[in-house]
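Colleague: Could you walk me through this protein chain, one step at a time? I am new to reading structures, so plain answers would help.

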Amino acid sequence: MVTISFPGLGIDNFKVNPVAIDLGKIEIRWYALIITLGMILAAVYCIFRAKQEGISMDNLFDMVLFGILFGIVGARTYYVLMKLDTYDSFLEMIAIWKGGLAIYGGIIGGALTILVICKIRKINPFKALDMAAPAVMIGQILGRWGNFFNGEAYGTKVAADSILYPLRMGLLPNIDSYSVMYYYHPTFFYESLWNLVGFILINLVYKKKKFDGQIFYMYISWYGFGRMFIEGLRTDSLYIGEFRVSQVVAFICVIVGVIMLIYNLLRERRRRMTAESYEPVYPKFSHFSSASTSEDAVSESETVNETEELPEEDVAEEEQEEKRYTIRRSPYSVDEDKVKELFDDKKEDEEEK
């Protein structure tokens with residue numbers, strides 16, 4: 001049992017049992033139930049977005065099934081590699097029921113799985129990643145409350161002058177004592193709330209996204225930025241030397257995500273501006289008669305009258321010539337006399353044949 005309180009929010013001490021269902025030798029923990037619920041809701045979200053991204057249900061089923069499977073494998077592998085010296089056997093390494101999953105390992109494992117499936121099925125990988133990113137956030141929003149029931153993933157003690165002091169969480173037992181309650185940063189709550197805000201913002205942008213991959217880059221940027229600061233408060237971080245691994249990964253995600261967002265948004269803006277300035281209407285150079293050699297331009301009405309006076313056979317021939325020798329507008333100036341001369345030469349060659 002874990003005793004928890006939030007005095008700043010007016011919530012006094014209450015006890016939480018990490019075990020939801022006790023079947024004797026088998027225990028089903030709240031953490032497992034919450035993670036499972038998160039996976040189900042994430043899958044439902046993917047079904048909703050798959051239609052927008054043009055991903056079939058068969059392909060989506062494979063992505064969800066294998067993505068979850070290898071996501072768990074990645075989360076456990078990541079965690080084990082960071083604490084490899086604490087395991088004595090392979091059985092201990094795979095004992096996920098004893099705890100030990102790292103979210104970044106899960107994200108990497110799931111993302112790689114989606115990329116492989118997209119390669120095999122010839123699917124745009126960025127469409128799939130856009131679809132999956134907010135779904136992962138659902139799992140993170142709920143999953144952190146599994147940490148709450150376990151009384152874990154909390155931060156350092158909260159200073160009395162901290163702006164976050166009203167959110168302090170009393171916990172017993174804790175890393176400092178088994179008998180005295182101390183007050184810590186509820187970092188699980190910070191991260192859950194940060195992801196909830198990000199999920200809402202990303203979904204507001206989703207339908208108006210400018211390019212495939214935008215949602216994925218927004219996700220890694222948003223989550224990475226928040227995780228950098230939240231991880232700095234935690235007391236159970238994974239380390240490589242003196243560096244918190246999750247902070248380093250989060251920093252890299254922010255840099256990569258922001259750069260790719262800026263680059264692709266600017267590229268799309270240039271493409272849109274080019275498309276807007278492009279004229280799809282091409283003027284035609286036709287009806288070159290002997291009168292057109294003069295310097296005075298022939299008015300539209302005169303041209304129409306001239307065409308009406310021609311016999312039907314001549315008009316039909318002129319129309320064919322117009323279609324065959326239509327010239328598209330060039331960004332450079334065109335010498336009409338030269339164009340006419342080329343046309344006349346072409347006609348003479350055909351007549352000789």
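Colleague: Of the contacts in the protein chain with a separation of 6 or more, what percentage is between residues 24 or more positions apart?

Modeller: Before we start, please keep in mind that this is a predicted model. The chain has 11 helices and eight strands. Among its contacts with a separation of 6 or more, the share from residues 24 or more positions apart is 68%.

Colleague: Thanks! What is the order of the strands in the open sheet of four strands?

Modeller: Let's build it pair by pair. β1 and β2 are joined in the antiparallel sense by four bridges, and three bridges link β1 to β5, again antiparallel. β5 pairs with β6 over three bridges, also in the antiparallel sense. That gives the order β2-β1-β5-β6.

Colleague: Which strands are the edge strands?

Modeller: In this sheet the pairing is antiparallel, and neighbouring strands are turned against each other by 30 degrees on average, direction ignored. An edge strand pairs on one side only, and here the edge strands are β2 (11–16) and β6 (182–184).

Colleague: Which residue of β5 stands opposite I4?

Modeller: We can trace a path across the sheet. F6 stands opposite I11 in β2. On the far end of our path, Y182 in β6 has a bridge partner in β5. That partner is also the residue opposite I4, namely L171.

Colleague: How many of the five residues of β1 are buried?

Modeller: Take the residues by the way they point: V2, I4 and F6 go one way from β1, while T3 and S5 go the other way, and all are buried. The strand is therefore largely enclosed by the rest of the structure, the buried count being five of the five.

Colleague: In the hairpin of β1 and β2, which residue takes a positive phi?

Modeller: Look at the link between the two strands, where the hairpin has four residues. The positive phi, near 80 degrees, belongs to G10.

Colleague: Which helix packs on the sheet?

Modeller: Look for a helix that touches β1 (2–6) and β2. Its direction makes about 115 degrees with that of β1, and it spans residues 125–150. This is helix α5.

Colleague: How do the directions of α6 and α7 relate: roughly parallel or roughly antiparallel?

Modeller: The axes of α6 (residues 187–206) and α7 (residues 214–231) come within 10 Å and cross at roughly 160 degrees. The crossing is right-handed. Angles over 145 degrees count as roughly antiparallel. The two helices are therefore roughly antiparallel.

Colleague: How many nonpolar residues does the contact of α6 with α7 have?

Modeller: On the α6 side the residues include Y190, W194, L201 and I202, and they meet a set in α7 that includes M218, W222, F225 and I230. By class, the contact has five polar residues, two charged ones and, for the class you asked about, 14 nonpolar.

Colleague: What is the relative accessibility of E231?

Modeller: E231 is found in helix α7. Beyond its neighbours within four places in sequence, E231 is in contact with S237, L238, R244, S246 and Q247. Buried means under 20% relative accessible area. E231 counts as buried because its relative accessibility is 2%.

Colleague: And what percentage of the 353 residues in the protein chain is buried?

Modeller: We have already met buried residues in β1 and in E231. For the protein chain of 353 residues, the buried share is 36%.

Technical notes:
Residues numbered from 1 in each chain as written. Predicted model: local features only at pLDDT ≥ 70, side-chain atom pairs only at ≥ 80, totals over all residues. Heavy atoms only, no water. Axes fitted to C-alpha atoms, helices over the stretch in contact; angles between N-to-C directions. Parallel < 35°, antiparallel > 145°, perpendicular 65-115°, else oblique. Left-handed = near helix turned anticlockwise from the far one by under 90°. Contact = heavy atoms within 4.5 Å. Nonpolar A, V, L, I, M, F, W, Y, C, P; charged D, E, K, R; others polar. Pairing = 2+ DSSP bridges. Buried < 20%, exposed > 50% of the residue type's maximum accessible area, 1.4 Å probe, protein only.
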